[in-house]
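The report below describes a single protein chain, moving from its overall make-up to its charged pairs and then to two smaller sites. Please read it alongside the sequence and the coordinates.

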Amino acid sequence: MKKAIILSSALAMSMIFSSVASAATYDQYTASDSDTLWTISTKYGVSLSNLMAVNPKIDPNNVYKGLTLNLPNEHKQNWEIKADAIIAKGITQLGVPYVFGGDQPYKAFDCSGFIQYIFNQNGFNLPHSSSMQSDLGTFVPANQLRKGDLIFLSGTYQAGVSHVALYLGNNKILQAGTMGTREVKISDLFGVPYYEAHYWGAKRIINN
């Protein structure tokens, strides 16, 4: 089981973070007349040394209008850094069995125990209850979902909110689920009749 979890984790990390899998993959910025490496580093909240490191062929004394620069991955906004950390923690639990009431990493989770664990390991304080978790944060329309949002289902085994999952982006959720394999796994969300029939809504816990 442990070996399978490690292999699944590696595959999922490759899929979810494919945009940063290569050290040569960066967002880009086009300089203006007034730009210097210092103003760019300040604008995007990245260190000057890292900005220079990912632009080894650029003369720091010759930043001109139209020059294209690579931006280090550290320029992500604070909410995105938090979301990525929570997702990364969750990925380490892929394949862990679903057990009702479970809250033990590498041993057993239920849906809310899993969400509680990955959030609380990153500085949050969530209860072990999908219903109580649905009372937190701010409501997010389905067309405005972003990674790190919580997805809730209702009426799955009892009335009201009864399941929670983590939105990964690209219509993927990370969850300790029971439909199909009973384990921590990555699933599609919209387009799956069961999830669409029981979809309650989404809440945003990571605001800044």
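How many helices and strands does the protein chain have? In this predicted model, the count is seven helices and 10 strands.

**Overall make-up**

The protein chain comprises 208 residues, of which 43% count as buried. Among the contacts with a separation of 6 or more, 57% are between residues 24 or more positions apart. The area that the protein chain exposes is about 10800 Å², and carbon and sulfur atoms supply 53% of that area.

**Salt bridges**

Side chains of opposite charge can pair when their charged atoms come close. Four salt bridges are present in the structure, and the table sets out three pairs with the places of their residues and the N to O distances.

| Pair | Distance, N to O | Place of the acidic residue | Place of the basic residue |
|---|---|---|---|
| Glu-80 and Lys-147 | 3.1 Å | helix H4 (residues 78-91) | loop between strands S5 and S6 |
| Asp-149 and Arg-204 | 2.9 Å | loop between S5 and S6 | strand S10 (residues 199-204) |
| Asp-188 and Lys-172 | 2.6 Å | strand S9 (residues 183-188) | strand S8 (residues 172-177) |

Glu-80 forms a salt bridge with Lys-147, with 3.1 Å between the closest N and O atoms. Because Glu-80 belongs to helix H4 while Lys-147 sits in the loop between strand S5 (138-140) and strand S6 (150-154), this pair ties together parts that are 67 residues apart in sequence. Both Glu-80 and Lys-147 are buried, and the two residues are also linked with Asp-84 in a network of salt bridges.

Arg-204 forms a salt bridge with Asp-149, whose closest N and O atoms are 2.9 Å apart. Here, too, distant parts of the chain are linked, with Arg-204 in strand S10 and Asp-149 in the loop between S5 and S6, 55 residues apart. Arg-204 and Asp-149 are both buried.

Are Asp-188 and Lys-172, which meet in a salt bridge at 2.6 Å, buried or partly exposed? Asp-188 counts as partly exposed because its relative accessibility is 35%, and Lys-172, with a relative accessible area of 26%, is partly exposed as well; the relevant cut-off is that buried means under 20% relative accessible area. This pair links strand S9, which holds Asp-188, to strand S8, which holds Lys-172, across 16 residues.

**The surroundings of Asp-103**

Asp-103 is located in strand S3, which covers residues 103-104, and with a relative accessibility of 34% Asp-103 counts as partly exposed. Which residues does Asp-103 contact, leaving aside its neighbours within four places in sequence? The contacts are with Ala-108, Phe-109 and His-128. In addition, the side chain of Asp-103 makes a polar contact of 2.9 Å with the side chain of Gln-104. Although Asp-103 and Gly-113 are 10 residues apart along the chain, their C-alpha atoms are separated by 4.6 Å.

**A nonpolar surface patch**

Trp-38, Leu-48 and Met-52 together make a nonpolar surface patch of about 310 Å². Of these residues, Met-52 is placed in helix H3, which spans residues 48-53, and at 38% relative accessibility Met-52 counts as partly exposed.

Methods:
Residues are numbered from 1 along each chain as its sequence is written. This is a predicted model: local features need pLDDT of at least 70, side-chain atom pairs count only at pLDDT 80 or more; totals for chains, interfaces and linings use all residues. Side-chain values use heavy atoms; hydrogens and water are left out. Patches are made of residues with over 30% relative accessible area and no salt bridge: like charges are joined within 9 Å, nonpolar side chains (Val, Leu, Ile, Met, Phe, Trp, Tyr) within 5 Å. Accessible areas come from the Shrake-Rupley method with a 1.4 Å probe; for residues, only the protein chains shown count as cover. A salt bridge is a side-chain nitrogen of Lys or Arg within 4 Å of a carboxyl oxygen of Asp or Glu. Helices (H or I, at least four residues) and strands (E, at least two) are DSSP runs, numbered from the N terminus. Buried means under 20% relative accessible area, exposed over 50%, partly exposed in between (1.4 Å probe, protein chains only). Contact means heavy atoms within 4.5 Å. A polar contact is a pair of N or O atoms within 3.5 Å; within protein, one must be able to donate a hydrogen and the other to accept it, and residues adjacent in sequence count only if both atoms are side-chain atoms.
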